[in-house]
Amino acid sequence: MQAGDILMGYSPVSESTSVTISSPSRSPGPRPLQNGRSSGSLGSGDTAMTDAPYSNEGLASRACEKCRASKRKCDKKLPSCDRCRRLNAKCHYVQDPNFNNPNSNGAQVVFLHQSHSLASDILFRGAEPLEGIAVSQILSLISLDTTSGTPQHDYAHSIDLYFKLIHPWYGVVHPTLFYRQLPNMLGSAESRSSPDMESSPFSHSATDHQVATQKSQSSHAGSPELASKEFAVLVVLMNLTIRMRLTDAGEQHMFDETYRTVKRILALLLMVCADGPHPTVELVQCGALMALYEYGHGEIETAYQTLSQTAAVARVLGITATQKGESGIDDVPLTLQEEQQNCLWWGLFILEQFILQDDAMRHLPFVFESPSRTTLLPESQIMSPNPGNALHLTSTLSPRPTLPSGRLLTTEVEVGSQKLGSFQLSAKTASIFHRALSIDKERRKYPGEKPHMSAFNDLDTEIRMATKNLLAQSLDWETKLDCFAMLIGALFVLYTPFLAIIEHSTPAAIASDPELTIALTALRFACKMSSEISCKINLDFEPPSRSPAVLCAPAGASCYRVILAYACISRIFPEEQEACQKAITEKFESLWLFSFRWGFAEKMMRELEYRTGINRDHYLKNTSISPKARGLGYDYSQ
């Protein structure tokens, strides 16, 4: 993705817009009127906006934008007119260019110079976010999306696919609450609208559409209409996350116009919630899915920025890690809303750990607090297909069968001692991974010093036991891949600093140094576990009928480290070169397989070629894994 694409995603100003800021203390006020207008005013294609355009009487110089759009009388009171206050709407005034402000210390004015009318920009059509856009128009982004690797489908099908492919390992959307809200939030989208309403709203059209009244049971106190639109954006993001990157039809561009449009809408919503309507849980869920999408396709820095913005909104809503015993009684089950908030916090936390394991991101601070021994693991629900191999909106809910409803497990539970659900395992292994990253951050404060192994002996033991227990009980590999990746990644975080020392040591010197011996043993253990998993996964996905759509985004992250470690071991121990080359081949095949689904795998292979000169073609020349048929991952019969 080009840098321009990223920047556009974080600014509601369109690419044809330039911004200049004028401060009254540094620039003169409007000059006298010439030919009926001020010589200092803007042209017909320009607009001036100010936070508080006061008149001499303490009122705004003209009606607010909401009253003007509705053609209602406005009392022009500041900071909000009585009508907007009564409707609980955001009141917004635009500076009258012909109004002479006598106050030299007035509010700062922002001039937006555009080549086209500002009213034609989707994000500036009204005083409220997304005013003038209907829910059905937002959902039309799904039918316009041609890069998902599947025949065009409606939003209901996208929802089904999301809960089948993403939810088992990234449960940020609570299915019970989601389906409970769905009819009210998107009910009006089912009804057919006028032809103008069905046209795409994301082109620069001079025609503004009326917003249909949306009924909502959302907790959004400000505007049910806006809550319905945020819910629609969430559905569109569900569709984004199920996209296939590479099929037999060719490579798809993942950061296309659909992504950029959704990104701009989300950026606006995240921005206005700071001083606008109270945010909704759906907005945080949107940020979680957008950050996952960006991370999964290789834009790690952008994902971290999105995650940080989303975390700020989550804090406004009070979404934090839930602690056992907060209600005063340890084993009282959580309400559905409490479950949802806990699952959402864990999803954001898990994604943060994967982002921060990247070398380029290690210097960045943690966004979320560390879970404690009393932090509750998520109790999300799973989706079960019906006997007809199709998922239906009203019959997909089934409680997780592995745990009694009144028993709450915390991060203190050991892997293997209790039967955990897939998302609970993800949360538990993420908490282990986080401890390894915390240790790495501490020792980075003292560069050049040899790491002290005594600082993480207990953690090393816990990681190895968890990995072995997970291997012993795992039958559904696809839902555990992110757990293996986190445990293996934790070992690499702890012991990679020893790798440079090992590479410059002789085998005899390594054998005589207990710490180097332990470090090498740990790295070999991590490499061996990762290679065995790759062999299993590669074998399972060799048949052309097996789709990589089920692969989770973070699972391939450890392949990069393993390949570098095997390359180092083969240089230290030449007699192991053949075995190392075979293992590297397995890991490249895994990356090749993951690149069908997620772009980050392709980025890793390019990085390996750039940093080490390893030629992927050499290791993939005999592979039988090839891009799958377009739409394969979206056929429930496969």
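A salt bridge here is a side-chain nitrogen of Lys or Arg within 4 Å of a carboxyl oxygen of Asp or Glu. This is a predicted model, where local features need pLDDT of at least 70, side-chain atom pairs count only at pLDDT 80 or more, and totals for chains, interfaces and linings use all residues. Residues are numbered from 1 along each chain as its sequence is written, and side-chain values use heavy atoms, with hydrogens and water left out.

**View 1. R362, D440, R443 and R444 sit together in a salt-bridge network.** By the rule above, the count comes to 24 salt bridges.

**View 2. D359 and R561 pair up through their side chains, 2.4 Å from N to O.** This salt bridge links distant parts of the chain, 202 residues apart: D359 lies in the loop between helix 12 (336-356) and strand 8 (382-383), while R561 belongs to helix 18 (residues 557-572). Helices (H or I, at least four residues) and strands (E, at least two) are DSSP runs, numbered from the N terminus. D359 is partly exposed at 39% relative accessibility, but R561 is buried at 14%. Buried means under 20% relative accessible area, exposed over 50%, and partly exposed in between (1.4 Å probe, protein chains only).

**View 3. R245 and E251 form a salt bridge, with their closest N and O atoms 3.2 Å apart.** R245 is buried at 7%, whereas E251 is exposed at 57%.

**View 4. C74 has C67 as its closest cysteine, yet there's no bond.** Their sulfurs are 3.9 Å apart, too far, since a disulfide needs two cysteine sulfur atoms within 2.5 Å. C74 is buried, at 11%.
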